[in-house]
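Work through the exercises below with the sequence and the 3D view side by side. Try each task before you read its solution.

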Amino acid sequence: MRILLFSLFCLLSACATKKMHEGLDFFQSVAVDTLLSDKINCRAIIPTDDKVYYAGDQGRNGFVNYTDKKKTQFLLLGANNPMEFRSIAKTSKAVFILSIGNPAQLYKHSNDLSQSKRVYIESHEKVFYDSMQFWNEQEGIAIGDPVADCLSIIRTKDGGDSWQKIPCNKLPKVVDGEAAFAASNSNIVIKGNDSWIVTGGKKARIFHSSDKGNHWKTFETPIVQGLEMTGIYTADFYNNKIGVIAGGNYEKQNENFSNKAMTFDGGKTWKLVGEHEGFGYASCIQFVPESKGSAMVCVAGNGLWYSHDYGETWKLLFETKELYTLRFLNKNTAVAAGRSGIFKLDFK
């Protein structure tokens, strides 16, 4: 009887695995097309159907068309030094970019960049904003490192025309040395009303809100932590339950353990995956669309990696140290950016 039950379980598992991957073409390679060749430090992109918006260093931000690769660029220079942007977000009517460093400055552009205005400024010696997203056309959020004993979180409820900072008495406390990394504009993820923020440094945790940032809970993760440059650098959620986090130790980029984990309960619990498999340090991880959460691509310190089995095994598709961030257009096409430009990726 035990043998019969075990055989039946194996058969059902095999059928479930086959159904899970049904219709999913496993990636074998990637073709790279250069959209913008420039020594730009770019960690924030948003692809649309006809162009990719970007925000980078030296005050540079703008968009590049896919067809003619024509660049439209907008320069924003600070009083003393050129600003650097690592956060970008978009509604149907506007594009938003947020600078790192003191003072933090948030700008709202029209889609064609013909109009621009500053909608938020914050001055503090510790100010450093890392990521920005919108729930809908009116409501958005940006997060940054602590300037007190909580993460810096600002929100808008009027389409980005004004932003208000949430006071620390309404947010979970951070431990000394816990912060967020501005690696790829991917340490805040939004699905519906749910929001997840990932941290690193002395602690690598998940901050979760189910009501657009009004209330927050924290959850522990098994990602490496305890040092200044350890922790979670990037996250993505396929839906409200299936999520992935990645990161590692920036100072020991070949260590490919305790650096990637999956959740199937909305971020409450996490399980390490791909231990001693694939990449070490990672700056951006994204689910492949229409993969049911089983397939993902990761930008790591040594290249572009792909997994089709919930992060358990990994395949190196493109060896490079130039990329920082990536976003999918559809299940076979993505846009990536880094320190030498912006690229269109066609997965085959």
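Buried means under 20% relative accessible area, exposed means over 50%, and partly exposed lies in between (1.4 Å probe, protein chains only). This is a predicted model, in which local features need pLDDT of at least 70, side-chain atom pairs count only at pLDDT 80 or more, and totals for chains, interfaces and linings use all residues. Residues are numbered from 1 along each chain as its sequence is written, and side-chain values use heavy atoms, with hydrogens and water left out.

**Exercise 1. Find where the model should not be read in detail.**

Step 1. Start with pLDDT, the predictor's confidence in each residue, from 0 to 100. The protein averages 92, and 92% of the residues score at least 70.

Step 2. Look at residues 1–23. Their pLDDT stays under 50. The model has eight contacts beyond four places in sequence for this stretch; a contact means heavy atoms within 4.5 Å.

Step 3. Draw the conclusion. Where pLDDT is low, predicted coordinates should not be read in detail.

**Exercise 2. Describe the salt bridge of Lys69 and place both partners.**

Step 1. Apply the criterion: a side-chain nitrogen of Lys or Arg within 4 Å of a carboxyl oxygen of Asp or Glu. The structure holds 14 such bridges.

Step 2. Name the partner. Lys69 pairs with Asp33, N to O, at 2.8 Å.

Step 3. Place the two. Lys69 sits in the loop between β4 (60–65) and β5 (71–75), while Asp33 belongs to strand β1 (residues 30–37). They are 36 residues apart. Strands (E, at least two residues) and helices (H or I, at least four) are DSSP runs, numbered from the N terminus.

Step 4. Check exposure. Lys69 has a relative accessible area of 34%, so it is partly exposed. Asp33, at 29%, is partly exposed too.

**Exercise 3. Contrast the pairs made by Arg60 and Arg205: is each partner buried or partly exposed?**

Step 1. Take Arg60. Its salt bridge to Asp38 has its closest N and O atoms 3.1 Å apart. Arg60 lies in strand β4, and Asp38 in the loop between β1 and β2 (42–47).

Step 2. Read the accessibilities. Arg60 is buried at 9%. Asp38 is partly exposed at 24%.

Step 3. Widen the view. Asp38, Asp57 and Arg60 are linked in a network of salt bridges.

Step 4. Take Arg205. Its side chain meets that of Glu178 at 2.8 Å, N to O. Glu178 is in strand β14 (residues 178–179) and Arg205 in strand β18 (residues 205–209), so the bridge ties together parts 27 residues apart in sequence.

Step 5. Compare with the cut-off. Glu178 is buried at 3%, and Arg205 is buried at 8%.

**Exercise 4. Map the surroundings of Thr221.**

Step 1. Locate Thr221 in the loop between β19 (217–220) and β20 (230–237). Its relative accessible area is 9%, so Thr221 is buried.

Step 2. Trace its side chain. A polar atom there lies 2.7 Å from the backbone oxygen of Ala204. The side chain also reaches the backbone nitrogen of Ile223 at 3.4 Å.

Step 3. List the residues it touches beyond four places in sequence. Among them are Arg205, Ile232 and Trp270.

**Exercise 5. Identify the best-connected members of the largest nonpolar core.**

Step 1. Recall the rule: buried Ala, Val, Leu, Ile, Met, Phe, Trp, Tyr and Cys residues joined through side-chain atoms within 4.5 Å.

Step 2. Of its 18 residues, Val297, Leu304, Leu326, Leu345 and Phe347 touch the most other members.

Step 3. Find the strands. Those supplying at least two residues each include β25 (296–300) and β30 (341–347).

Key. Polar contact = N/O pair within 3.5 Å; in protein donor to acceptor, adjacent residues only side chain to side chain.
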